[in-house]
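Open the structure in your viewer and keep the selection panel at hand. The stops below are in the order in which to select them.

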Amino acid sequence: MDKIVAAFPKGRLFEQTIDIFFNSGILPEKIQPQSRKLILETDKFKFLLVRAKDVPTYVEYGVADIGVAGDDVLLESEADVYRPIDLGIGACNIVVAGLPESKKLYESNPTSIRVSTKYPKIAKSFFMEKGIETQIIELYGSIELAPLLGLSDFIVDIVETGRTLKENGLIVIDHIRPSSAKLIVNRASYKTKSKKLNSIFTKIENFLNKKIEVV
Amino acid sequence: MNIGIPDGVRVYNRKETFQIKQIEENIANTFEKWGYEEITLPSFEYYDVHIKGLGKDISQKTFKLVDRTSGETLCLRADFTSQIARYFSSLKQKRLPKRYYYKGNIFRYLPPKAGNLWEIRQIGIELIGSNRLEADAEIIAITSKALKNLGIQNFQIDINNTKLFTAIKNTLSFSEETFKEFMEYIKNREIFNLEKFCQKEGIRGALKEFIINIPKYQGDIDLITTLKEKVSNYSDIVKTLDELIKIYNIISIYGLSDKVVFDLGEPKEFSYYTGIVFEIFVYGFSKPLGQGGRYDNLIGKYNGNYPATGFAFDVLNIWEYMKKEKLLPEKKEKDFFIIDLTENKKEALKIARILREKGYIVARDIVDRDYKESLKFAFEDGFKKVIVIGLDNDIESIYIFTTTQKQKIKIQDFLNKV
């Protein structure tokens, strides 16, 4: 039979996901990412190591049956995929941040603001619902620089510990939503490979429930 | 000079056009055999008339234009079923049941990702005037027959009853707001959120067990009978499962029970569906080949109260799948290509006329070049045989070439024999 193809984000989230798959009894042994190999195979799985932002794309187009993606990535990609399980890893908050003195401006009913972000869609829809005209400046990294250099008063970004913000003298001004990694599934795979996938879901759910009980 | 093409549309070359046409003709043949009649619908209509039965998700995606004389907003066809509902409701004499089929393009703005076309092709059927499950089963049977006639065997029919969701809503007296939230989780199959939702709404016991597992309830008839036991205290929900069992029994008579997969977590995209809905998938292909379902209230949004059910194939998805599986003919075969090397070309015209009268597809070479070049062109262009006139001095004979053979024959003998 065909292998289940899984698109997992490179880096720490990959190892955490593999841990869950191993501890749920889905994988007989942990697999280690090798230096530059982008495809790792076991007898039942083919793992694709891709950029976090690209995971929904692989799954939506069906080149991968399942994947792991955070809410931040899912909201931004607007991918049409199923998301049955909250894996509880990669937890962070999507927030509005800025210099401490910008807090007043934020709370003063501004009619128009400038926001730098890696997440233009999330930022746009958050401020649009509040009726605030927003100019989005899309950046690909080092977002924290924007308020320091006066590119924009605010940034929308994900925050895990808040250390990067703090080290750059920024504070959280508003919370947009929490985010954590979800197991996502291609629509057609969900239907045509339901037996295999359902058994994977159940194993992960059982493991995660047990973990909650222990805690 | 700009010679670009907008997003969302594409060209189909000769080979592709031929393949798509063959698929449509093949499917249309099946529809005809079941007594469905083809109708042609306009490419645009009044916007507010067209979207009466469509949910916001579709009506927001329509291509709008303005009628210059009246200032009315028009939109390109976004959905055939709505058009047929409008047309049928306008008829003075309605003889029932009515069976229609249609083919053509629909237009919807979709997120600009590669592969998303704004102009897609559909061919589909509508059966108006019966609220019986036999009607739903007929649609499913025709769909399967059409796929088998195309040479597609390993498809599965995912069936659900959308009444299930309204039954849950009524059983638990959800407000519209709560129901909307619930359906959002169902649509994305967010099991973890359904769990939180049950906690928040205080849903416990068998009903909680049922609700949080809806995304996972996929399987055969045994699944449905087992579930019926589990929710036996909730008669509204049991009723919807009973309908699934009944339709399964009818589908079994058609010999299609092995194709059926129940999928209780499928809410379907359109807001006009009111009962049995289904979608066709094939193993190893990421897009559905078609979808359909019952829409008992749609015609009522126009005029009159008529139950109906229908189905549409996504022609381009079928085409892509068949291409991938090599189920398609490479190109159109043509019968004869005539190369006349004589001065007056009289023989060529005569032979071509007689062959066409006999029903053959015949084309003549009209480019000056060495006849060997012409031969090469003809075979590459899909002709099965090439007739060469005047290759030697024998004016009563011609040469017939195939890709492997060359044969000399008297013209009269050839025309008598062919």
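**Sheet, helix, contact**

Start with chain B of this predicted model. Select β14, β13, β15, β16 and β17 of chain B: these five strands make an open sheet in the order β14-β13-β15-β16-β17, with mixed pairing. β14 (362-364) and β17 (406-410) of chain B are the edge strands; each has a single partner strand, so one side of each has no neighbour in the sheet. From one strand to the next, the twist averages 25°.

Zoom in on β16 (residues 397-401) of chain B, which runs antiparallel to β17(B) and is joined to it by five bridges. In this pair, B:Phe401 is opposite B:Lys406 of β17(B).

Now add two helices. Helix α14 (residues 346-357) of chain B lies across β13, β14 and β15 of chain B, at about 165° to β13(B). Helix α15 (residues 371-380) of chain B lies across β13, β15 and β16 of chain B, at about 160° to β15(B).

Next, select helix α7 (residues 176-188) of chain B. Which residues of α7(B) are buried? They are B:Phe182, B:Tyr185 and B:Ile186. These residues are on the same side of α7(B), because they cover an arc of only 105° around the axis. They pack against α6 (163-171) and α8 of chain B. Turn to the face away from the buried side of α7(B) to find the exposed residues B:Glu176, B:Glu177 and B:Lys180. Just past α7(B), B:Arg189 has a positive phi of about 55°.

Last, show both chains. The contact involves 18 residues from chain B and 15 residues from chain A. On the chain B side, β7 (155-161), α8 (191-201) and β9 (260-263) each supply at least two residues. That side of chain B comprises eight nonpolar, four polar and six charged residues.

Notes. Residues numbered from 1 in each chain as written. Chains lettered and ligands numbered in written order. Predicted model: local features only at pLDDT ≥ 70, side-chain atom pairs only at ≥ 80, totals over all residues. Contact = placed C-beta atoms within 7 Å. Helix = DSSP H or I, 4+ residues; strand = E, 2+ residues; numbered from the N terminus. Nonpolar A, V, L, I, M, F, W, Y, C, P; charged D, E, K, R; others polar. Buried ≥ 20, exposed ≤ 12 C-beta atoms within 10 Å, placed from the backbone. Arc of directions from axis to C-beta. Pairing = 2+ DSSP bridges. Axes fitted to C-alpha atoms, helices over the stretch in contact; angles between N-to-C directions.
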